[in-house]
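Trainee: Could you take me through one part of this model in detail? I'd like a close look at how the domains of chain A are laid out, and then whatever connects to that.

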Amino acid sequence: MNSVKPLSTVDRLQAQAADHAGHSLKLDQIMHRFGEMVALRDINLDIQPGEFVSLLGPSGCGKTTVLRIISGFIEQTAGKVLIDNQSVAGLTASQRGVGIVFQNYALFPHMTVWDNVAYGLRAKGLSRGRVSNKVGEMLELVQLGHLAKRYPSELSGGQQQRVAISRALAVEPKLMLLDEPFSALDKNLRLDMQIEIRRLLDEQGVTAILVTHDQEEAMSMSDRIALLLDGEIHQFASPSQVYDHPATLFVSSFVGTCNHLSSQIVGRESGAYVVKVHGGGQVKVAHESSLAPNAEVLFAIRPENLRVETHPGPYRIPGIVEICIPLGATITYEVSIAPDKAIKVTQQRIAGARSLQKGEQVYLEPVSPSACTLFPTSS
Amino acid sequence: MSVANLPTPKRKKLPLTQGQLALPLAAFLTLFYVIPMVVLLAASFQPARGGGFTLAQYAEFFTDSANIRVLTLTFWLGLQVTIACLIFGYPVAYFYHQATARWKTILTFLILLPLLTSAVVRTFGWVVILGRQGLINSLLVGLGMIDEPIKLLFTHLGVAMAMTQIWLPLMVLSIIASLSQIDPRLAAASESLGGGKWRTFWQITLPLSLPGIISGCLLVFALTVSSFVTPSIIGGGQLMYMPTLIYQQGVVLLNKPFAAAVSAVLLIMVLIVVFLLSTLGQRTRKYVQ
């Protein structure tokens with residue numbers, strides 16, 4: 001017996017996505033000035049088709065300005081925006097094929113869910129039948145078909161966001177810009193929506209750029225993260241690269257928790273630097289770029305990259321346990337190595353195992369010498 | 001230790017409830033608004049002389065075609081002025097909404113300026129403009145567009161023109177208030193979905209400014225049909241509107257019950273329009289949080 005199974009919506013969309021396998025975006029030496037103030041300087045980003053990239057940075061770092069330049073809402077002072085290697089200067093957001101999900105979703109409050117999703121299709125001049133098919137398809141994709149007749153004010157935050165994303169996806173944009181889309185959602189829902197949106201965008205094969213100040217969000221969703229501070233890109237790399245090998249001190253302190261210890265290079269031993277930590281002890285650190293002997297450095301090490309030992313050793317930092325904070329799966333200690341200097345140390349917590357007590361003498365050693373970073377200090 | 005045993009913090013009570021706070025105004029309005037209205041309505045059911053209850057005043061009003069003409073003319077004036085204010089006012093409000101901060105300061109001043117001048121002064125200004133030797137006629141004759149001055153003063157058109165100018169600021173301010181409540185990201189969203197300037201205006205901006213249009217229309221209509229100074233000066237006694245009829249009957253002819261009945265009819269006309277426009281406004285409530 002030979003029966004042809006009808007394709008589900010998701011299968012069909014996946015097939016479509018494979019046809020137009022995403023579009024690339026390139027920002028070439030973008031500079032932007034607001035009056036006298038330089039908001040962005042020399043922004044270069046090369047985003048691959050279908051990639052999910054986050055622009056991460058504190059508020060006021062210029063990430064929203066980058067977004068507005070990509071979407072064409074403002075014209076950059078200098079530099080070029082290229083989509084599929086074509087300059088898009090002078091084009092509007094829709095001519096560029098840029099879809100946007102706004103921070104507050106910006107749903108049209110006087111239109112039903114259906115009309116919101118249909119808006120872009122009608123603007124394109126599609127026939128009634130095609131609009132109807134596409135809207136039905138999009139609403140099915142985000143599982144909101146049963147709410148088509150509702151108004152946005154009658155929906156929950158997560159539902160509103162799904163409408164916003166299906167409205168933006170309906171016109172089949174080349175690029176999807178997400179402007180802090182999760183900030184209005186509560187924490188549990190946020191994770192669900194992050195997974196769902198990532199799945200939707202992957203299915204559609206759409207290149208996406210997420211603007212956020214939430215590092216966890218950027219870490220969990222992105223293929224690559226661009227870290228932005230004061231209008232400059234400090235690092236553009238994969239989440240694990242950003243976490244393990246921060247390019248600058250800003251990246252190191254902004255992403256995750258990190259100990260920064262002022263230290264001095266005192267020698268080299270089998271490819272690693274011997275670093276003397278001011279306050280006591282020395283450690284071995286594998287570092288790629290070459291540093292001058294006796295150079296003053298900031299030694300950056302993550303709390304989970306430290307092992308607690310009870311005996312002294314040549315490459316261990318002595319210290320005294322000050323505070324002990326159990327966090328469920330892990331336990332964090334604050335260990336003072338000098339009167340005014342403390343290090344955070346995170347250990348796996350094993351049920352029943354003895355935890356360190358306040359006042360206990362410990363010796364700290366890096367677990368992985370290559371997952372530490374040295375930042376030269378210009379003194 | 002149980003949290004339940006802790007003493008709950010006592011909320012400091014206001015000495016007065018919100019209802020009580022409104023009492024002084026309620027008393028004032030009762031004394032000087034509600035009671036006079038009741039007295040007025042009661043008066044409209046009295047015969048011209050002596051006491052008793054009668055519908056004679058209303059019968060007299062509705063059987064005299066001259067009165068019906070006054071009623072329809074007043075309604076017509078209200079409609080014309082409201083529509084004219086909307087047509088002239090919306091572009092100004094829209095321009096204000098799109099303007100830069102510096103332009104907004106200038107525009108605010110220009111929009112509010114007429115409101116700072118008394119209606120009597122502005123009406124006399126219009127007498128000068130509309131007269132035989134006035135600005136409009138001199139201009140039209142000077143340009144050779146007409147041979148003889150046209151009659152504008154003491155005409156319905158003249159009254160409507162003057163009233164439009166006088167109530168325009170209220171329409172403009174209502175629409176501005178409504179436009180400024182629209183999230184600018186909606187226009188950006190429309191643009192990103194391929195909606196051009198016109199589509200964005202017709203589909204997003206205009207429908208969302210409907211509450212301002214409705215309240216502006218309500219204000220202008222109600223104030224126009226109850227205006228006395230401008231219609232009596234520009235209309236110059238030859239044109240009769242409801243307020244001038246009330247004045248003539250009540251103050252000149254001392255026919256208080258009839259004047260009261262005319263007042264009641266005017267009030268009902270305004271209430272009907274308020275009801276109709278509010279019903280339209282209700283439809284917009286759905287999406288205004």
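Mentor: Start with the spacing: in this predicted model, the C-alpha centres of domain 1 and domain 2 of chain A sit 40 Å apart. The domain assignment puts residues 9-246 of chain A in domain 1 and residues 257-376 in domain 2.

Now for a sheet in chain A. It's an open one with 5 strands, ordered S13-S12-S11-S14-S20, and the pairing is antiparallel. Look at the two ends of that order: S13 (282-285) and S20 (373-376) of chain A each have a single partner strand, so one side of each is left without a neighbour in the sheet. Going from one strand to the next, the twist averages 45 degrees.

Zoom in on one pair there. Strand S11 of chain A covers residues 259-269, strand S12 covers residues 272-277, and the two run antiparallel with 6 bridges joining them. If you want a spot to click on, try A:Gly267, which stands opposite A:Val274 in S12(A).

Next, follow chain A to where it touches chain B. That contact takes 21 residues from chain A and 17 residues from chain B. On the chain B side, helix H9 (184-192) and helix H10 (197-208) each supply at least two residues. The largest share comes from H9(B), with 6 residues. Sort the chain B residues that touch chain A by character and you get 8 nonpolar, 5 charged and 4 polar.

Chain B itself has quite another make-up to look at: 14 helices and 0 strands. Read from the N terminus on, the elements of chain B are α-α-α-α-α-α-α-α-α-α-α-α-α-α. As for overall dimensions, the C-alpha trace of chain B spans about 90 × 60 × 30 Å along its principal axes. Its radius of gyration is 25 Å, whereas a compact globule of 289 residues would come out near 19 Å.

One last stop on chain B is an annotated stretch. In an unreviewed entry, UniProt lists residues 71-277 of chain B as "domain: ABC transmembrane type-1". In the model, that span is 78% helix and 0% strand, and the C-alpha atoms at its two ends lie 20 Å apart. H9(B) (184-192) and H10(B) (197-208), the helices I pointed to at the contact with chain A, are worth finding again while you have that stretch on screen.

Technical notes
Residues numbered from 1 in each chain as written. Chains lettered and ligands numbered in written order. Predicted model: local features only at pLDDT ≥ 70, side-chain atom pairs only at ≥ 80, totals over all residues. UniProt positions renumbered as here; feature names shortened; annotations may be inferred. Helix = DSSP H or I, 4+ residues; strand = E, 2+ residues; numbered from the N terminus. Contact = placed C-beta atoms within 7 Å. Nonpolar A, V, L, I, M, F, W, Y, C, P; charged D, E, K, R; others polar. Pairing = 2+ DSSP bridges. Axes fitted to C-alpha atoms, helices over the stretch in contact; angles between N-to-C directions. Domains from an automatic or database assignment. Rg over C-alpha atoms; globule rule 2.2 N^0.38 Å.
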